[in-house]
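Work through the exercises below with the sequence and the coordinates open. Try each task before reading its solution.

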Amino acid sequence: MKTVRVNASTPYDVLIGHSLLDSLGSRLKGSIGECKICIVTDDKVDDLYSVRAQEALQREGYSYNKFVIKNGEASKNTQNLIALLEFLAENAFTRSDCIVSLGGGVVGDLSGFAAGIYLRGIRFVQVPTTLLAAVDSSVGGKTAVDLAAGKNLAGVFHQPSLVLCDVETLDTLEENIFADGCAEVIKYAVINDRPMFERLQKGIKDNIEEVIFDCVTHKAEIVQSDEFDRGCRQLLNLGHTVGHAIEHCSNFEISHGSAVAIGTTIVMKMACSLGLCDENDYLETVKLLKANALPTKCNFNAEELARVAGADKKRSGATITLVVPHGIGNCKLMAIPYSELCTYIEKGL
Ligand SMILES: NC(=O)c1ccc[n+]([C@@H]2O[C@H](COP(=O)([O-])OP(=O)(O)OC[C@H]3O[C@@H](n4cnc5c(N)ncnc54)[C@H](O)[C@@H]3O)[C@@H](O)[C@H]2O)c1
């Protein structure tokens, strides 16, 4: 088992290893102590892993309730948020009790938000079961639900008390969902770790524990220096500004991971044409994305993408901040006038 300590405003450990789900109860005893637990999960993960989680809690004498949402992004909404808050209240959860978020980023974001606002904040423990959740959403304390106007528009910063990542749960992921997570994995290496990029070239699945450890270590470092997303945490948005635009333009038929992969490719090619990035680094990145079943091209034009990207949260007034690779392992933030975004994207297509 590997451990990463996240020294955020509330410090916590991220445990990464095999069969950790079966030690959920004893790990909770060691970190949060005695309390009542609300397991929050989705219907797919419920069928696969709830029994093991429940048995692990029972063995340590924990009493629990369970709240199950339908799987998929559409469930990350205000109705489910309110329903979960009401469920916690009906079942008399108090400020000393705890939520266990068992699932992917949708479950983690929704239940983390509920934990952040129920009784002005109760503890929660993340048990990520997708690669994306393991390397990204379960760590760092960003929680959210989607609004009709867009994704992640309501949320709070609320750090978990513990993250327990049982890598064996990733074995049941559908290939495309695993690939989505690979886009985020490759993102970390391109942002600031060339040696990690070279390790990823040897295969992600076969070295999954080390890969997750590397990603979480990077995420922890970034969160520690910019917990509230005002500076270097923005580097984690590599490929995301154009990626979000691609997701929108495709009516969300192109998944988040695929869109980030294409977005990363576009911004890297753009950096090459500006003379900021070596073309070999771009070609190596395209090769690694493709090797992990990710697309690197889309059919949308620069005008469409720039129009949608202009509505992105990362836009601030007349400028928009892009994460620009100056090579694998070396990304920098670059604020450009929004009026020039289309020209920049054009260079990357
Ligand atoms: N909070 C953050 O910092 C942050 C960062 C990145 C992404 N996100 C959010 O994360 C969400 C995406 O997360 P996701 O990709 O995990 O999606 P998800 O939670 O929707 O999971 C994807 C699918 O995989 C299924 N699944 C989960 N675990 C499984 C397993 N072990 N075996 C088989 N199937 C399993 C789920 O039921 C679902 O159908 C988005 O809402 C995004 O906004 C948040």
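The exercises go from the whole chain to hairpins, backbone angles and single residues.

The model is predicted.

**Exercise 1. Overall form**

Task: Decide whether the radius of gyration of the protein chain agrees with that of a compact globule.

Solution:
- Start with the expectation. For 349 residues, a compact globule would have a radius of gyration near 20 Å.
- Compare. The protein chain has 20 Å, which agrees.
- Add the dimensions. Along the principal axes, the C-alpha atoms fill a box of roughly 60 × 40 × 35 Å.
- Count the elements. The chain holds 13 helices and 12 strands.

**Exercise 2. Burial, contacts and charge**

Task: Describe the protein chain by its buried share, its sequence-distant contacts, its exposed area and its charges.

Solution:
- Burial: 57% of the 349 residues are buried.
- Contacts: take the pairs at least 6 apart in sequence. Of these, 74% join residues at least 24 apart.
- Surface: about 14400 Å² is exposed, and carbon and sulfur atoms supply 49% of it.
- Charge: there are 34 positive and 44 negative side chains. The centres of the two sets lie 3 Å apart.

**Exercise 3. Two hairpins**

Task: For strands 7 and 8, then for strands 11 and 12, give the pairing and the connection.

Solution:
- Strand 7 (residues 145-147) and strand 8 (residues 150-154) run antiparallel, joined by two bridges.
- For the register, Leu147 has Gly150 of strand 8 as its bridge partner.
- The connection in this hairpin consists of two residues.
- Strand 11 (residues 319-325) pairs with strand 12 (residues 331-337) in the antiparallel sense, over seven bridges.
- Here Leu322 has Met334 of strand 12 as its bridge partner.
- Five residues lie between strands 11 and 12. Gly327 in that turn has a positive phi of about 140°.

Task: Is strand 11 largely enclosed or largely open?

Solution:
- Five of its seven residues are buried, so strand 11 is largely enclosed by the rest of the structure.
- As background, side chains in a regular strand alternate between the two faces of the sheet.

**Exercise 4. Positive phi outside glycine**

Task: Place Leu119 and Phe252 in the fold, and state their exposure.

Solution:
- Leu119 is not a glycine, yet its phi is positive, about 50°.
- Leu119 sits in the loop between helix 4 (105-117) and strand 6 (123-128).
- Its relative accessibility is 35%, so Leu119 counts as partly exposed.
- Phe252 also has a positive phi, near 65°.
- The loop holding Phe252 runs between helix 9 (240-249) and helix 10 (256-273).
- At 42% relative accessibility, Phe252 counts as partly exposed.

**Exercise 5. Loop residues, buried or partly exposed**

Task: Classify Ser75, Leu20 and Thr172, taking under 20% relative accessible area as buried. Then list their contacts beyond four places in sequence.

Solution:
- Ser75 belongs to the loop between strand 4 (64-69) and helix 3 (78-90). Its relative accessibility is 8%, so Ser75 is buried. Ser75 touches Ile69, Lys70, Asn80 and Leu110.
- Leu20 belongs to the loop between strand 2 (12-17) and helix 1 (24-31). With a relative accessible area of 3%, Leu20 is buried. Its contacts are Met1, Leu15, Arg27, Leu164, Cys165 and Asp166. The C-alpha atom of Leu20 is 9.8 Å from that of Ala56, 36 residues apart along the chain.
- Thr172 belongs to the loop between strand 9 (162-166) and helix 6 (175-192). At 43% relative accessibility, Thr172 counts as partly exposed. Thr172 contacts Leu48 and Tyr49. Between Thr172 and Val45, 127 residues apart in sequence, the C-alpha distance is 9.7 Å.

**Exercise 6. A helix residue**

Task: Which residues does Leu289 contact, leaving aside neighbours within four places in sequence?

Solution:
- Locate the residue. Leu289 is in helix 11 (residues 279-291).
- Check burial. Its relative accessibility is 2%, so Leu289 counts as buried.
- List the partners. Leu289 is in contact with Ile186, Ala261, Thr265, Leu294 and Thr296.
- Add a distance. Leu289 and Ala179 are 110 residues apart in sequence, with 9.1 Å between their C-alpha atoms.

Key
Residues are numbered from 1 along each chain as its sequence is written. This is a predicted model: local features need pLDDT of at least 70, side-chain atom pairs count only at pLDDT 80 or more; totals for chains, interfaces and linings use all residues. Side-chain values use heavy atoms; hydrogens and water are left out. Helices (H or I, at least four residues) and strands (E, at least two) are DSSP runs, numbered from the N terminus. The radius of gyration is taken over C-alpha atoms; the globule rule is 2.2 Å times the number of residues to the power 0.38. Buried means under 20% relative accessible area, exposed over 50%, partly exposed in between (1.4 Å probe, protein chains only). Contact means heavy atoms within 4.5 Å. Accessible areas come from the Shrake-Rupley method with a 1.4 Å probe; for residues, only the protein chains shown count as cover. Lys and Arg count as positive and Asp and Glu as negative; His and the chain ends are not counted. The place of a charge is taken as NZ of Lys, CZ of Arg, CG of Asp or CD of Glu. Two strands pair if DSSP finds at least two bridges between them.
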